[in-house]
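Me: I've got a model open and I'd like to learn how to read it. Can you walk me through it, one feature at a time?

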Amino acid sequence: MVEGWLFLCIEGNMLQGKKIVLGITGSIAAYKSCLIIRQLIKKGAEVQVVITPAGKEFITPITLSALTSKPVISEFFSQRDGTWHSHVDLGLWADAMLIAPATASTIGKMAHGVADNMLITTYLSMKAPVFIAPAMDLDMYAHPSTQQNLQTLQSYGNHIIEPGTGFLASKLEGKGRMEEPENIVACLESFFSQHESMKGKKVLITAGPTYEKIDPVRFIGNYSSGKMGFALANECANRGAEVELVCGPVSTSMQVKHPLIHRVDVESAKEMYEACMSLYPSMDSAILCAAVADYAPETVAEQKVKRTGDDLVIRLKPNPDIAASLGQIKRDGQTLVGFALETNDEETNAQAKLKKKNFDFIVLNSLKDEGAGFRTDTNKITILTADGKQEYPLKMKAEVAKDIVDALERMSVK
Ligand code: CTP
């Protein structure tokens with residue numbers, strides 16, 4: 001059986017009383033929405049359908065409203081008397097939004113905020129977690145624009161449900177077809193069962209690079225994109241934790257949407273150190289994912305350094321080691337997780353860092369592994385503790401985040 005949270009064993013009925021907005025779009029798989037509705041309602045959920053104009057070409061609102069016992073919403077204005085449907089109210093009402101089937105067109109509009117129908121406006125004002133089950137032919141699915149849009153949506157914290165694995169996979173074979181209704185419903189159940197597992201916990205996460213100023217226009221930096229740290233922040237928040245995300249200078253496309261994530265933007269290692277030292281005492285755990293510069297220029301030139309034709313020497317001084325400092329002030333009951341990106345003697349180096357920085361476990365990724373490390377959407381990790389290790393296959397960063405947070409939760413209950 002394929003791994004992933006889709007196939008977790010679920011205890012109790014997690015959908016009882018849950019309010020689900022079901023978005024239906026113009027795909028032949030729209031008939032399967034009826035099966036989704038039937039199963040959701042059987043499990044005690046309340047379902048409100050929002051359908052796109054194209055969706056209505058595939059399935060009639062009468063069928064859908066008969067199944068949900070609610071009028072189907074598809075237009076901004078239900079009648080010509082000035083009353084209108086409020087997408088904002090729907091966004092507040094729902095415990096989850098599921099878009100199944102989701103066409104390439106709807107996925108593109110969601111990724112880019114093209115709010116030209118009721119489904120997209122509802123999505124844009126949704127406060128609850130959003131699940132997307134793509135449905136299209138393989139060529140459309142495999143097109144770089146569709147893949148890019150799915151990754152964008154995932155980086156915003158949305159959940160992509162795909163056949164077989166229940167999440168956005170790193171390979172394309174056999175993809176595009178909508179996941180079966182019972183597996184989609186199982187995804188929602190699994191999500192709600194995990195949803196509260198970190199409720200009341202506080203997690204500090206560092207992400208991205210740091211920039212160390214040379215002069216007003218230049219800096220020393222690195223290639224870290226912040227994607228792994230943002231994926232970790234989304235995963236912890238999805239499980240109910242309050243997250244302090246301290247991030248270095250990342251691209252403006254890196255945005256957080258989850259209300260439980262509080263973002264603190266910093267630039268240099270020193271600023272990141274100060275933010276972390278003041279936050280960590282009130283945290284339950286910290287995951288240090290940032291690629292912190294080990295050195296900074298000893299002095300920062302006030303004016304732009306001019307070209308002279310001679311060699312230029314910049315003297316560097318060591319930055320504070322945030323991880324080691326947090327390791328020193330770590331108290332009983334707190335957990336500290338580090339990362340190690342290595343190019344050689346990976347496990348020996350990672351083990352040494354685990355001990356030196358007082359980590360509870362360390363996440364190792366090797367630059368030797370294709371698809372691992374900086375500036376990729378995937379990662380391949382090994383988790384090392386003082387007395388053991390677990391290797392994981394190459395996965396999307398959102399899925400890697402689940403493995404890391406699972407390990408954190410296991411470690412925290414010990
Ligand atoms: N780290 C940190 N502060 C630093 C440097 C590193 O908090 N000034 C953290 C990273 O976020 C990571 C872990 O320490 O979780 C290991 O980072 P890495 O750069 O691999 O370790 P270094 O101790 O800097 O070792 P190296 O000599 O390999 O760069």
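Reply: Sure, starting with pairing: two strands pair if DSSP finds at least two bridges between them. Keep in mind that this is a predicted model.

Me: So which residue is the bridge partner of Ile 20 in strand 3?

Reply: First the general idea: strands of a sheet pair through backbone hydrogen bonds, either parallel or antiparallel. Here, Ile 20 has Ala 96 as its bridge partner in strand 3. Strand 1 (residues 19-24) and strand 3 (residues 96-102) are joined by four bridges, in the parallel sense.

Me: What is the strand order in the open sheet of five strands?

Reply: Read across, the order is 2-1-3-4-5, and the pairing is parallel. Strand 2 (46-51) and strand 5 (159-160) each have a single partner strand, so one side of each has no neighbour in the sheet.

Me: On to the ligand. Which pocket does the ligand take up?

Reply: The ligand fills the space of the largest pocket. Its shell includes Leu 288, Ala 290, Pro 320, Lys 353 and Lys 357. Helix 11 (322-329) and strand 14 (335-342) each give at least two residues to that shell.

Me: How many residues of each class does the shell have?

Reply: Seven are nonpolar, one is polar and four are charged.

Me: And which polar contacts should I look at?

Reply: For N and O atoms, look for pairs within 3.5 Å. A backbone N or O atom of Leu 288 sits 2.6 Å from a ligand oxygen, and a polar backbone atom of Ala 290 is 2.8 Å from an oxygen atom of the ligand. On the nitrogen side, a ligand nitrogen lies 3.0 Å from a backbone N or O atom of Pro 320. As for cover, the ligand taken alone exposes 570 Å², and the protein buries 77% of that.

Note on methods:
Residues numbered from 1 in each chain as written. Predicted model: local features only at pLDDT ≥ 70, side-chain atom pairs only at ≥ 80, totals over all residues. Heavy atoms only, no water. Near = heavy atom within 4 Å. Polar contact = N/O pair within 3.5 Å; in protein donor to acceptor, adjacent residues only side chain to side chain. Areas by Shrake-Rupley, 256 points an atom, 1.4 Å probe, with all protein chains shown as cover. 1 Å grid on protein atoms, 1.4 Å probe; cavity = no way out; pocket = protein on both sides within 12 Å on 5 of 7 lines; lining within 4 Å. Sits in = over half its atoms within 2 Å of the grid points. Nonpolar A, V, L, I, M, F, W, Y, C, P; charged D, E, K, R; others polar.
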